[in-house]
Amino acid sequence: MKKLLRTMFLLCFFLGAVSLAHASGVIREGDQGNDVRMVQSQLIALGYNVGTADGDFGAVTASAVKAFQRDHGIEADGIVGSETYRLLMGREMPVSRDSQQTSMIRRTLQTAMQYLGVPYLFGGSSPNGFDCSGFTQFVFGQAGVYLPRAADEQFDVGRTVAYSHLQPGDLVYFTTYASGASHVGIYLGNGQFISATSSRGIAIDSLGSSYWGPRYLGARRVV
C-alpha cells in the first residue's frame, strides 16, 4: 500500500512538470509548470517581485513581466514571447511541444513510473526485468515510438537537446561502464530521471547527484 501511494504521489508530481506553458509559443497568465518557474526564478534574480517561484503564472508574475518589459523598452503586455524570453533568459525560447505530443509524453511517463522497483535484468526488456536500454525501448514502444535496443544506438536517434533545455520525456545518457553512451534514462523534470539501475532496479535519481552528474553525456528528444 505504501509503495502504491508513493508511486501515485511521484506520478502526480512529475506529470505536473509536463507543461503546456509555451505550446502556443508564449508563456502567459494562467500557465503553470517548469517553464513558468524558470521565468519566475530569473525575474527574482533580477530583482523583480513575483512572490515565490511556484510555477503558477498569476497576476503578480504578470506585473513583474510588464515591469521587466518596460525597463527593456519593449511592449509591456505581461506575456513572455520570444523577444521577452530571449532578453530575460539570455537564450532563445525552447521549441515547444504541441498538445498531442504533450499527451504522449504524459502517457509515456505514466508507463515508466508504474514499473518503479521492477528488478534489473541484464538483457531484459519486459516487466519481468529490465536493463537500461531495454526499459527505454519498452516504455517508448508502448507509445508507438521505436527505439533501437542498445543505449549507444539510441543515442543516435532523435534531436540533440541542451542540458538547459531538457523537457520531461527526453532521453538522458551517461558514460558508466564503457566509453560513450552506456546508460540511458528518461527525464522526468525537476532535475530527476528514471532508469533501470543494476543495484535498485527501476529507480529515480537526480541528474546532479555525485554519481550521475559527472557521468552525464547528453540528451535526445524522440517525441
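How many residues does the hairpin that joins E6 to E7 pass through? I looked up the link and found that the hairpin runs through 3 residues. I note at the outset that this is a predicted model.

**Entry 1. Overall content.** I recorded 7 helices and 8 strands in the protein. Of its 223 residues, 48% are buried. I then looked up the exposed surface, which comes to about 10700 Å², with 52% of it supplied by carbon and sulfur atoms. Among the contacts with a separation of 6 or more, 51% are between residues 24 or more positions apart.

**Entry 2. The sheet.** I traced an open sheet of 6 strands, in the order E3-E8-E4-E5-E6-E7, with antiparallel pairing. Strand E3 (159-161) and strand E7 (201-206) stand at the edges; each has a single partner strand, so one side of each lacks a neighbour in the sheet. From one strand to the next, I found that the twist averages 35°.

**Entry 3. Strand E6 and its partners.** I turned to E6, residues 192-197, which is joined to E7 by 6 bridges in an antiparallel run. Phe193 has Asp205 in E7 as its bridge partner. Towards E5, I found 3 bridges to E6, and these two strands also run antiparallel. Gly189 stands opposite Gln192 in E6. The hairpin of E5 and E6 has 2 residues between the strands, and in this hairpin Asn190 takes a positive phi near 55°. I also looked up burial along E6: 5 of its 6 residues are buried, so the strand is largely enclosed by the rest of the structure.

**Entry 4. The helix on the sheet.** I asked which strands helix H6 (residues 132-142) touches as it packs on the sheet. The strands are E4 (171-174), E5 (183-189), E6 and E7. The direction of H6 makes about 50° with that of E5.

**Entry 5. The cores.** In soluble globular proteins, nonpolar side chains tend to be buried together. I therefore looked up the nonpolar cores here, and the largest has 29 residues. Phe130, Phe135, Ile186, Ile194 and Ile202 have the most contacts inside it. Helix H5 (99-113), H6, E4, E5, E6 and E7 are the elements that give two or more residues to this core. I followed Phe135 further: leaving aside neighbours within four places in sequence, its contacts include Ala112, Tyr115, Phe130 and Ile186. Ile194, Ser195, Ala196 and Ile202 are also among the contacts of Phe135. Last, I noted a second, separate core of 16 residues, including Ile27, Val36, Ala62 and Val65.

Notes: Residues are numbered from 1 along each chain as its sequence is written. This is a predicted model: local features need pLDDT of at least 70, side-chain atom pairs count only at pLDDT 80 or more; totals for chains, interfaces and linings use all residues. Side-chain values use heavy atoms; hydrogens and water are left out. Two strands pair if DSSP finds at least two bridges between them. Helices (H or I, at least four residues) and strands (E, at least two) are DSSP runs, numbered from the N terminus. Axes are lines fitted to C-alpha atoms, for helices over the stretch in contact, and angles run from 0 to 180 degrees between N-to-C directions. Contact means heavy atoms within 4.5 Å. Buried means under 20% relative accessible area, exposed over 50%, partly exposed in between (1.4 Å probe, protein chains only). Accessible areas come from the Shrake-Rupley method with a 1.4 Å probe; for residues, only the protein chains shown count as cover. A nonpolar core is a set of buried Ala, Val, Leu, Ile, Met, Phe, Trp, Tyr and Cys residues joined through side-chain atoms within 4.5 Å.
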